[in-house]
Amino acid sequence: MKKYRNTIEFEVYGDYALFSDPVTRVGGEKSSYHIPTYEALKGIVESIYWKPSIMWIVDAVRIMKPIQTETKGVRPIAYNGGNELAYYTYLKDVCYQVRAHFEVNYNHPELVSDGKNENKHHNIAKRMVERGGRRDVFLGTRECQAFVEPCEFLSKDSYYDNTPGEISYGFMYHGITYADEAILPEEKNKMTVNFWRPVMKKEGTKGGVITFIRPEACKEKRFIKEMSVREFGKDAFSGLMEFTEEEAAD
């Protein structure tokens with residue numbers, strides 16, 4: 001498993017998590033995947049530190065605790081008003097180790113010079129990991145509050161260290177490629193949903209490891225709609241000057 005020079009590693013944990021298939025988010029019953037999705041982990045990384053001049057790539061996740069579920073009766077707001085009874089199946093008592101790195105976002109040519117300042121972004125990202133992130137962190141949904149701490153990937157023992165062989169999770173939602181981070185020519189100016197087939201393996205003696213493929217490497221995709229790239233100009237957030245004082249203080 002390759003470790004990039006601008007890699008960050010952290011542990012994220014919480015009482016509950018809900019990594020649902022987007023198809024089930026329109027209402028009714030919700031049931032979590034047994035493992036976190038690429039999109040959910042990327043959202044956590046961006047809650048730790050985000051700038052439009054860079055884009056985060058989640059390299060791997062390690063499942064630290066046994067996968068267990070708990071079903072709760074909830075009363076979500078119905079589309080026609082009022083409340084309705086529904087049952088949500090959450091993951092319970094979760095903990096994950098995450099490894100990610102960032103790259104320059106060339107979809108924003110006005111910010112490329114800032115994105116190439118690798119040392120600045122890497123140092124800020126590492127400090128934000130130590131502080132638990134810049135924004136609130138959630139495991140899939142708003143009600144699943146989570147906490148972040150720095151760690152060394154593959155450190156500590158996992159519940160799955162002694163699990164022989166591999167565990168395949170079949171066809172699964174990977175994430176969404178927005179126009180702002182599209183790399184493939186056919187995905188430019190589009191919103192694309194990606195799917196893949198994750199497998200939990202062992203790295204040496206360490207188990208519970210799922211290595212992600214990059215969004216553009218997903219073979220099964222669905223183009224949702226046309227989408228334009230956001231522009232960051234002088235009259236909007238530039239990604240260059242607004243946080244200068246804050247970053248200097250960090």
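Visitor: How much area does the protein chain expose, and what share do carbon and sulfur atoms supply?
Guide: About 13000 Å² is exposed, with 51% of that from carbon and sulfur atoms. Accessible areas here come from the Shrake-Rupley method with a 1.4 Å probe, and for residues only the protein chains shown count as cover.

Visitor: And what am I looking at, source-wise?
Guide: This is a predicted model, where local features need pLDDT of at least 70 and side-chain atom pairs count only at pLDDT 80 or more, while totals for chains, interfaces and linings use all residues. Residues are numbered from 1 along each chain as its sequence is written, and side-chain values use heavy atoms, with hydrogens and water left out.

Visitor: OK. How many helices and strands are there?
Guide: Four helices and 13 strands. They are DSSP runs numbered from the N terminus: H or I with at least four residues for helices, E with at least two for strands.

Visitor: Why call the chain as compact as a globular protein of that length?
Guide: Its radius of gyration is 19 Å, close to the 18 Å from the globule rule for 250 residues, so the description fits. That radius is taken over C-alpha atoms, and the rule is 2.2 Å times the number of residues to the power 0.38. Along the principal axes, the C-alpha atoms fill a box of roughly 50 × 50 × 35 Å.

Visitor: What percentage of the residues is buried?
Guide: 47% of the 250 residues. Buried means under 20% relative accessible area, exposed over 50%, and partly exposed in between (1.4 Å probe, protein chains only).

Visitor: Let's zoom in on Glu9. Is Glu9 buried or exposed?
Guide: Buried, at 11% relative accessibility. Glu9 sits in strand β1, residues 8-17.

Visitor: Which side chain does Glu9 join by a polar contact?
Guide: Arg99, at 2.8 Å. A polar contact is a pair of N or O atoms within 3.5 Å; within protein, one must be able to donate a hydrogen and the other to accept it, and residues adjacent in sequence count only if both atoms are side-chain atoms. The Glu9 side chain also reaches the backbone nitrogen of Phe153, at 3.1 Å.

Visitor: What else is Glu9 in contact with?
Guide: Leaving aside neighbours within four places in sequence, the list includes Lys3, Val98, Val129 and Pro150. Contact means heavy atoms within 4.5 Å.

Visitor: Switching to rings: how many aromatic pairs?
Guide: Ten. Rings of Phe, Tyr and Trp (its six-membered ring) pair if their centres lie within 6.5 Å; planes under 30 degrees apart are stacked, over 60 edge-to-face, and the rest tilted. Trp196 and Phe212 make a tilted pair, 5.3 Å centre to centre with 35 degrees between the planes.

Visitor: Where do Trp196 and Phe212 lie?
Guide: Trp196 is in strand β10 (190-196) and Phe212 in the loop between β12 (206-211) and β13 (220-226), so the pair ties together parts that are 16 residues apart in sequence. Trp196 is buried at 7%, and Phe212 is buried at 8%.

Visitor: Which charged end sits over the ring of Tyr16?
Guide: That of Lys72, 3.6 Å from the ring centre. The rule wants NZ of Lys or CZ of Arg within 6 Å of the ring centre and within 35 degrees of the ring normal. Tyr16 also forms one aromatic cluster with Tyr88 and Tyr90.

Visitor: Last one: what's the phi of Leu154?
Guide: Positive, about 75 degrees, although Leu154 is not a glycine. Leu154 lies in the loop between β7 (145-150) and β8 (167-168).
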